[in-house]
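These are my notebook entries on a single protein model. I looked up its fold, its core and a few chosen residues.

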Amino acid sequence: MTVNSPKGNAMSDFTARITTIVDGVVTDVSEAPFAREQAAIDFVYPFYKSRNKYRTYRVAVIRNADGVRVF
């Protein structure tokens, strides 16, 4: 996965976290760094709106400075 910041990982102000749950069991936790909050929200939004009987997603956008969940 590519970082959307021209400075690389040094400029990751937000982290987008996607947790995949299959049949009630957490199978994967993916994280991606982003420089802007809106870019991180745009990344996780399709997973947030996804509906499936067996697979669900739990999404979060976390501000790295203080660990607060903003979405």
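Entry 1, burial. I count a residue as buried when its relative accessible area is under 20%, as exposed when that area is over 50%, and as partly exposed in between. The model I worked from is predicted. By this cut-off, buried residues make up 25% of the 71 residues in the protein. I also looked up the accessible surface, which comes to about 5,000 Å². Carbon and sulfur atoms account for 51% of that surface.

Entry 2, overall architecture. I found 1 helix and 3 strands in the protein. Along the sequence they follow the pattern β-β-α-β. I then looked at contacts between residues with a separation of 6 or more, and 50% of them join residues 24 or more positions apart.

Entry 3, the sheet. In which order do the 3 strands lie in the sheet? I read the order as β2-β1-β3, in an open sheet with antiparallel pairing. β2 (25-34) and β3 (55-63) stand at the edges with a single partner strand each, so one side of each has no neighbour in the sheet. I noted that neighbouring strands are turned by 15° against each other on average, with direction ignored. As a general reminder, strands of a sheet pair through backbone hydrogen bonds, either parallel or antiparallel. I next examined β1 (residues 14-22), which pairs with β2 in the antiparallel sense over 9 bridges. In β2, V25 stands opposite V22.

Entry 4, the helix. I compared the length of α1 with its expected span. At 1.5 Å a residue, its 12 residues should span 16 Å, and the end C-alpha atoms are 16 Å apart, which agrees. Which residues of α1 are buried? I listed A39, A40, I41 and V44. The cover over these buried residues includes β1, β2 and β3.

Entry 5, the core. I recorded the largest nonpolar core as 11 residues: F14, A16, I18, A32, F34, A39, A40, I41, V44, V59 and V61. At least two of these residues come from each of β1, β2, α1 (37-48) and β3. Which element gives the largest share of this core? I found that α1 does, with 4 residues.

I followed A16, one of the core residues, through its contacts beyond four places in sequence. A16 is in contact with S30, E31, A32, F34, A40, F43, V44 and A60. Among these partners, A32, F34, A40 and V44 also belong to the core.

Entry 6, two further residues of β1. I looked up T19, which is found in strand β1. Is T19 buried or exposed? T19 is buried, because its relative accessible area of 10% falls under the 20% cut-off. Not counting residues up to four places away in sequence, T19 touches V26, D28, V29, T56, Y57 and R58.

V22 also has its place in strand β1. I classed V22 as partly exposed, because its relative accessible area is 25%, between the limits of 20% and 50%. Leaving aside neighbours within four places in sequence, V22 is in contact with T27, Y54 and R55. I also checked V22 against K53, which lies 31 residues apart from V22 along the chain. The C-alpha atoms of V22 and K53 are separated by 9.2 Å.

Notes
Residues are numbered from 1 along each chain as its sequence is written. This is a predicted model: local features need pLDDT of at least 70, side-chain atom pairs count only at pLDDT 80 or more; totals for chains, interfaces and linings use all residues. Side-chain values use heavy atoms; hydrogens and water are left out. Two strands pair if DSSP finds at least two bridges between them. Helices (H or I, at least four residues) and strands (E, at least two) are DSSP runs, numbered from the N terminus. Axes are lines fitted to C-alpha atoms, for helices over the stretch in contact, and angles run from 0 to 180 degrees between N-to-C directions. A nonpolar core is a set of buried Ala, Val, Leu, Ile, Met, Phe, Trp, Tyr and Cys residues joined through side-chain atoms within 4.5 Å. Buried means under 20% relative accessible area, exposed over 50%, partly exposed in between (1.4 Å probe, protein chains only). Contact means heavy atoms within 4.5 Å. The expected span of a helix is 1.5 Å times one less than its number of residues. Accessible areas come from the Shrake-Rupley method with a 1.4 Å probe; for residues, only the protein chains shown count as cover.
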